[in-house]
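I open a fresh page for this protein. My plan is to go from the overall picture to single side chains.

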Amino acid sequence: MDNRVEKGTFASNDLIVEKMTTEKTSSHSPVEISSDLPTTHKCVIIVDHTMAIGFIANTASILSLSIGKQHPEIIGKDINDSDGHNHHGITILPVPVLKGTAPLLHHLREQVRPYEHQVTVVDLIDATRTTQTYMEYSKQMLRTPTEQLIFCGMALYGPKKLVNKFTGNLGLLR
C-alpha cells in the first residue's frame, strides 16, 4: 500500500503539517522535508546509563517509537536507492542519546513538567522490566506515587532552545 501524499502536505491520522518542500537526494526519489524543522526543533533521548546494555537499547527504542507516534512530521518520506529499491523514511532530525541516571531523570521529569505545553515528554519507568503487558505497565504507573517512580529514560522534543535548557549539560552516551 502506497502511503505517499501530494507535495505540500504530510498527513498521518488527523495531523496535517504544512510547509513541506521537495529536495532531490537521488535521481529516483524526491524527499519531502519540513523547510525549517531541523533548525527550529530538537529531539533527544536520555537514558540511565547505569543499566545493562540491553535495557539501554530497549529504552531508547521504545522512546523513539513513542516520539515518532507523537510527531510523525519528524519522519521523512520513503526514498529509493540507486537501483530503485524502496526504503522507508527515517527521522529528519538527529536524535542524540544522552546519558543520565535514574535520580537525574526523575529530577528532569519534574523540571520539564511546567513546559509540557511546549515540549513533548515521553518517559519510561522501570516497570517495563517487571510487567509483561501494557495493561500491567499502566496499572503499575497508576499505583506508584509520582515521587517513587524510577525512570529508565525520557525523550524530549520541542524548540531547540528549550530542549537545550534541560539537556545542554548532559553528555552523549558512548
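**Charged pairs first**

I begin with Arg 109, which counts as buried at 6% relative accessibility. I keep in mind that this is a predicted model.

What does Arg 109 pair with? I find a salt bridge to Asp 123, with the closest N and O atoms 2.5 Å apart. This pair links distant parts of the chain: Arg 109 sits in helix 3 (residues 102-112), Asp 123 in strand 9 (residues 120-125), and 14 residues separate them.

Arg 109 has another partner. Its side chain meets that of Glu 116 in a salt bridge, 3.3 Å from N to O. I looked up the exposure of Glu 116 as well: it is partly exposed, at 34% relative accessible area.

Next I followed Glu 116 onward. Its side chain also forms a salt bridge with Arg 113, at 3.9 Å from N to O. Arg 113 is partly exposed, with 34% relative accessibility. Shared partners join Arg 109, Glu 110, Arg 113, Glu 116 and Asp 123 into one network of salt bridges.

How many salt bridges does the whole structure hold? My search of it gives 4. I add a reminder for myself: side chains of opposite charge can pair when their charged atoms come close.

**The overall count**

I stepped back to the whole chain. The secondary structure comes to 5 helices and 10 strands. The protein has 174 residues, and 34% of them count as buried. I also checked how far contacts reach along the sequence. Taking contacts between residues at least 6 apart, 69% join residues at least 24 apart.

**The nonpolar core**

Which residues have the most contacts inside the largest nonpolar core? They are Ile 46, Ile 67, Leu 156 and Tyr 157, in a core of 34 residues. I then listed the elements that each supply at least two residues of this core: strand 5, helix 2 (53-70), helix 3, strand 9, strand 10 and helix 5. Strand 10 gives the largest share, 6 residues.

I picked out Ile 67 for a closer look. Setting aside neighbours within four places in sequence, Ile 67 touches Cys 43, Ile 74, Thr 120, Val 122, Ala 155 and Tyr 157.

**Strand 5 and its partners**

Is strand 5 enclosed or open? I count 6 of its 8 residues as buried, so strand 5 is largely enclosed by the rest of the structure.

I checked its pairing next. Strand 5 runs antiparallel to strand 10, and 7 bridges join them. One of these pairings puts His 41 opposite Pro 159 of strand 10. Strand 5 also runs parallel to strand 8, with 4 bridges between them. Here Ile 46 has Leu 98 of strand 8 as its bridge partner.

Strand 8 itself shows an alternating pattern. Leu 98 and Gly 100 point to one face and are buried. Val 97 and Lys 99 point to the other face and are not buried.

**Helix 5**

Which residues of helix 5 are buried? In this helix (residues 160-167) I note Leu 162, Val 163, Phe 166 and Thr 167. They lie on the same side of helix 5, because they cover an arc of only 120° around the axis. Lys 161 and Lys 165 are exposed, on the face turned away from that buried side.

What do the buried residues pack against? I find strand 5 (41-48), strand 8 (97-100), helix 3 and strand 10.

**A threonine in a loop**

My last entry is Thr 144, in the loop between helix 4 (134-143) and strand 10 (151-159). Is Thr 144 buried or exposed? It counts as buried, at 16% relative accessibility, because the cut-off for buried is under 20%. A polar atom of the Thr 144 side chain lies 2.7 Å from the backbone oxygen of Gln 140.

Terms used. Residues are numbered from 1 along each chain as its sequence is written. This is a predicted model: local features need pLDDT of at least 70, side-chain atom pairs count only at pLDDT 80 or more; totals for chains, interfaces and linings use all residues. Side-chain values use heavy atoms; hydrogens and water are left out. Buried means under 20% relative accessible area, exposed over 50%, partly exposed in between (1.4 Å probe, protein chains only). A polar contact is a pair of N or O atoms within 3.5 Å; within protein, one must be able to donate a hydrogen and the other to accept it, and residues adjacent in sequence count only if both atoms are side-chain atoms. The arc is that of the directions from the helix axis to the C-beta atoms. Contact means heavy atoms within 4.5 Å. Two strands pair if DSSP finds at least two bridges between them. A nonpolar core is a set of buried Ala, Val, Leu, Ile, Met, Phe, Trp, Tyr and Cys residues joined through side-chain atoms within 4.5 Å.
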